[in-house]
Amino acid sequence: MQRKCICVTGATGFIGSAIVADLLNNGYKVRALVREIPIAEQQLKNVDYFPYEQLDSALRNAYACLHFAAKNNDAVSTEKEFIKDNFELTKELIVAADKSGVEKFIFASSTKALSHKSNDWYSQSKLKSENWIEEAFSGNMQICTLRLPPVYGPNTKNKLSKLEPLPQPLRSFTLNQLRALTPIVSVSEVSVSVRDLISNKNLPRELMLSSPLTCSSSYWLFYFLINAAFVVLCILLLPVLIAISGIVFATSKGPVLFLQKRIGKNTVPYTCIKFRTMAQGTKQQGTHLVSASSVTKIGSFLRKSKIDELPQAINIATGKMSLIGPRPCLLNQQEVIDERNLLDAYKITPGISGLAQVSDIDMSTPKKLATYDQRYCASRSIITDCKIILQTITGRGQGDLVR
């Protein structure tokens, strides 16, 4: 069987060279697009390399193109040069690859491009490419934006390089605890993820990477404490909750609590418990499809204040939910379920509030919702969760807004 050919940019860089080595070890044929031939001659073994002037030759009969070349944020350069290298080149590569019949294109971007505070030219040029892919590209080629946090490993040149001289046990422990605070990913994990994407039938439009939280004891202690604190708070507020129950009972027909089957972790259904905010008999469907007239007067206040969510402390106490996580959907919202499954967004426990909710994204846009859920799964950390909690408390986001 003929080996699949993969075209790679940035093949002589820290991440690119690791990806090339992994592809070669797994039986792929690699072609590299390079700017400096002497460096390619010295570093690239068993690889065909081409200057960018021979772009069409490099892409001919290639199965996939991996675009990891970039002018990084530590480069001393002008805005025009950042746009040229990080946007115009990306656009040229995508158009040429699609024209050549390349099936898959993986564009490496950064978590920095997501931050509203990132006004540096690197982030802006990457974001410009992402927006062009999302809004202007109309070809047949599958494109995935691979979003990377800081990458660590041998020969890394970022701030994480300071950890390399440490003894292996101490370095592993430090990285695990650092992962509790913020997303990071190893270069080997990037290589494996890229290979998995190449072998998958369908590419997601975006995939954010990070090291798993499995060994980050600091995060799991934090996770237990915030969930326990919420449950204790609701117990202390029991007199208030009883009073609210009386108001709900007195102002509309039907039960005080609203019990509804939702999709939980690993797609296992569970019963979600909330204060009833809608008239009895309202059709079981996504909130964005429900008429505003179905919401009771007290229900409108409970939803805006998010007090209707407090009974979910029972779900948290039983391990079916957490304070922060992807919002659980109904069993009949199949498109949402399918999109989340595609991005493996059901691997964590659903939450009362989440990244999508505070970003004003609801079940009406399943693909966008799943993308944000996957971003949360990858960026999940003490800092991320604290930001979402603060944004929720201050009233940001209407992820369950009735239209």
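**Exercise 1. State the volume of the second largest pocket, then find what lines it.**

Step 1. The second largest pocket has a volume of about 560 Å³. A pocket here is an open set of points on a 1 Å grid over the protein atoms alone, with protein on both sides within 12 Å along at least five of seven lines. Its volume is the space filled by probe spheres set on the points, which are joined across faces, edges and corners.

Step 2. The lining of this pocket has 25 residues. Lining residues have an atom within 4 Å of a point. Nearest the pocket centre lie Ser210, Asp344, Lys347, Gln374 and Cys377.

Step 3. Two or more lining residues come from each of α7 (187-199), β9 (206-208) and α14 (366-379). Helices (H or I, at least four residues) and strands (E, at least two) are DSSP runs, numbered from the N terminus.

**Ground rules.** Residues are numbered from 1 along each chain as its sequence is written. The model is predicted: local features need pLDDT of at least 70, side-chain atom pairs count only at pLDDT 80 or more, and totals for chains, interfaces and linings use all residues, while side-chain values use heavy atoms and leave out hydrogens and water.

**Exercise 2. Locate Asp344 and describe its backbone and its exposure.**

Step 1. Asp344 sits in the loop between α12 (334-342) and β13 (351-353).

Step 2. Its phi is positive, about 60°, although Asp344 is not a glycine.

Step 3. Asp344 is partly exposed, with a relative accessible area of 44%. Buried means under 20%, exposed over 50%, partly exposed in between (1.4 Å probe, protein chains only).

**Exercise 3. Do the same for Asn61.**

Step 1. Asn61 lies in the loop between α3 (55-59) and β4 (64-67).

Step 2. Asn61 has a positive phi of about 65° and is not a glycine.

Step 3. Its relative accessible area is 65%, so Asn61 is exposed.

**Exercise 4. Count the cavities of 30 Å³ or more and list the lining of the second largest.**

Step 1. There are two such cavities. A cavity is a set of points where a 1.4 Å probe fits but cannot get out.

Step 2. The second largest cavity has a volume of about 60 Å³.

Step 3. Its lining includes Ile263, Gly264, Lys265, Arg340 and Tyr346. Pro326, Arg327, Pro328, Ala345, Ile348 and Pro350 also line this cavity.

**Exercise 5. Summarise the whole protein.**

Step 1. The protein has 15 helices and 13 strands.

Step 2. Of its 403 residues, 51% are buried.

Step 3. The C-alpha atoms fill a box of roughly 80 × 50 × 45 Å along the principal axes.
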